[in-house]
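Grab a pencil and work through these exercises with the structure open beside you. Try each task before you read its solution.

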Amino acid sequence: MNIDTYNGTTTGTSTGTGTGGKGADGGSGTEVLIVGAGPTGLVLAIDLARRGIRHRIVDRESRGFPGSRGTGLQPRSLEVFEDLGVLSALREAGGPCPPMMSWEGATRLGEWELVERSAPSPTVPYGEILMLPQWRTVEILGARLSELGGHVDYDTGLTDFAQDADGVTATLTGADGKQETLRAAYLVGTDGGRSTVRRALGIDFEGEVVDPRPVLLADAFVEGIERTHWHIWPTAPGGTLMLRPLEGVETFQFMARFDEPGQEPDAERDGTSEALQRLLEERTGRTDLRVGAVTWTSTFRARAAMAVRFREGRVLLAGDAAHVHSPAGGQGLNTSVQDAYNLGWKLDAVLRRSAPDALLDTYDAERREVAAGVLGLSTRVHRRDQGGDGTGGRPRRGAETHQLTIGYPTSPLTRELRREVAEGALRAGDRAPDAPCKDPAGATARLFDAFRGPRFTLLAVGYEGGLPPVDCGLVRTCRVEGPTPDLRDPDGHAHDAYGRGLFLIRPDGYVGLATDDPADVTAYLTAVGG
């Protein structure tokens, strides 16, 4: 599908949703039903809430996710969280990745860094991963949703749904068995790797087992070992064992891999404090470490799998419902957050701005390509970690895991129309970089300040001509240098990052259009923004 085919007429599998917000609900009630209140569903709910999109988010569990599982937030996700208004709370709750300490029994083998330490730069405000347990991330996202007037309906599961040309009819069932019928324009399944939504659609989930050896995870109190390091016994008998202190609480994340054939850990049986104590002593030979209360346990095998499509008519998949990864490299939760961030503005454009329904096909095209690349990266990192020097090695995590180089160069929404583009320069489809600037009064400002919020941004860098008229509800304009500038670029950081021209920044922070001709801006917005 090419963006030139957009003509303001609804195309694709659905009709009747792009007229002033009136969709399957006739202009009132629920426009988007989100099934699953993990980080993916919550990010989507936050984005829809700030856009005024009527949504409902439900989860069959009685509370938010209780475990530490996805503990690392990559630099690109931190940029998303800044835009959504939760970054300060996340940074206050979290911390940097601690240095690693390798052990053999009670003998220290040495300290090393898992992540490459990186300072912020003019274009990248967050240079390193931020660590915090997933349950805390979910709490903070839930609090932000509440600030925006939303909430999660827990103890509410999706038990049936059917779609037609105008919307989705869903059956929700509460913990008491009481059923409710809900009509919505779109349904988004963010309900995890065993997605009820995906299975009901009959969408294949294709992939492979990355590592057949099972892993036991637990959040537990452990006494007798310092919280200054992430401790690893890479050659422990029976398999690697790790203890990582969790941020903001006194618990550790306890991880044990089971290398012996036939060993099959059970979360309920092997996740008790007594069982973890025995396992710790067997693998480390230390009796001075004491396991206390256990707050959460889980088991898994590293797997890589992806849905063959992320959209089926008026139903879309995001997060683990669409793709699952090895935890190596910390990509899963972050890729899921990006799914939601990509989808939110497109639902808004279709539901409220008369954009063609086919715009949602670009979510499938863009995010499936990204997910496939990230699955490959996670698998490579996992297998590289298992190689090393025969003692488990000392793996490193660098810029390849930060997700800052992910872009949409082949997307039908990407238009690079400048006559001359230097080799290696920023191009349409790339992530839009930050840059420190000055406002006309001389106060410090950032490009990310100009981009913040749910609108497009027309960024004119060193552009002398007139800017096209735009709908201020859809697009804000920001002129850097040139006549009547909104921002000054005294140190040249914006010019170095972008070059001269007009850049239309998508609401999810990617360069949709790069051009020298203001007429291209009008044409692009007419097609994409309705």
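**Exercise 1. Find which residue of β9 is the bridge partner of D164, then work out how the sheet around it is arranged.**

Step 1. D164 has G167 as its bridge partner in β9. Strands here are DSSP E runs of at least two residues and helices are H or I runs of at least four, both numbered from the N terminus.

Step 2. Now zoom out to the two strands: β8 and β9 (residues 167-174) run antiparallel and are joined by eight bridges. Two strands count as paired if DSSP finds at least two bridges between them.

Step 3. Add the third strand and you get an open sheet in the order β8-β9-β10, with antiparallel pairing. β8 (156-164) and β10 (179-184) each have a single partner strand, so they stand at the edges with one side lacking a neighbour in the sheet. From one strand to the next, the twist averages 20 degrees (axes are lines fitted to C-alpha atoms, and angles run from 0 to 180 degrees between N-to-C directions).

A word on the source: this is a predicted model, where local features need pLDDT of at least 70 and side-chain atom pairs count only at pLDDT 80 or more, while totals for chains, interfaces and linings use all residues. Residues are numbered from 1 along each chain as its sequence is written, and side-chain values use heavy atoms, with hydrogens and water left out.

**Exercise 2. Which strands does β13 pair with, and in which sense?**

Step 1. With β17, β13 shares eight bridges, and the two run antiparallel. Look for V215, whose bridge partner in β17 is F300.

Step 2. With β16 (residues 251-257), β13 pairs over seven bridges, again in the antiparallel sense. Here F221 stands opposite T251.

Step 3. Check the cover: seven of the nine residues of β13 (residues 215-223) are buried. Buried means under 20% relative accessible area, exposed over 50% and partly exposed in between, with a 1.4 Å probe and protein chains only.

**Exercise 3. How many residues of α2 and of α8 are buried, and why does the length of α8 agree with what's expected?**

Step 1. In α2 (residues 75-84), ten of ten residues are buried, including P75, F81 and L84. Just after α2, G85 takes a positive phi of about 85 degrees.

Step 2. In α8 (residues 332-352), 20 of the 21 residues are buried. Just after α8 comes S354 with a positive phi of about 60 degrees.

Step 3. The expected span is 1.5 Å times one less than the number of residues. For α8 that gives 30 Å, and the end C-alpha atoms are 31 Å apart, which agrees.

**Exercise 4. What kind of aromatic pair do F65 and W296 form, and what kind do W345 and F456 form?**

Step 1. Rings of Phe, Tyr and Trp (its six-membered ring) pair if their centres lie within 6.5 Å; planes under 30 degrees apart are stacked, over 60 edge-to-face, and the rest tilted. The structure holds seven such pairs.

Step 2. F65 and W296 sit 5.7 Å centre to centre with 70 degrees between the planes, an edge-to-face pair. F65 is in the loop between β2 (55-58) and β3 (72-73), and W296 is in β17 (residues 290-300), 231 residues apart. Both F65 and W296 are buried.

Step 3. For W345 and F456, the centres are 5.4 Å apart and the planes at 80 degrees, so this pair is edge-to-face. W345 lies in α8 and F456 in β25 (residues 456-461), so the pair ties together parts 111 residues apart in sequence.
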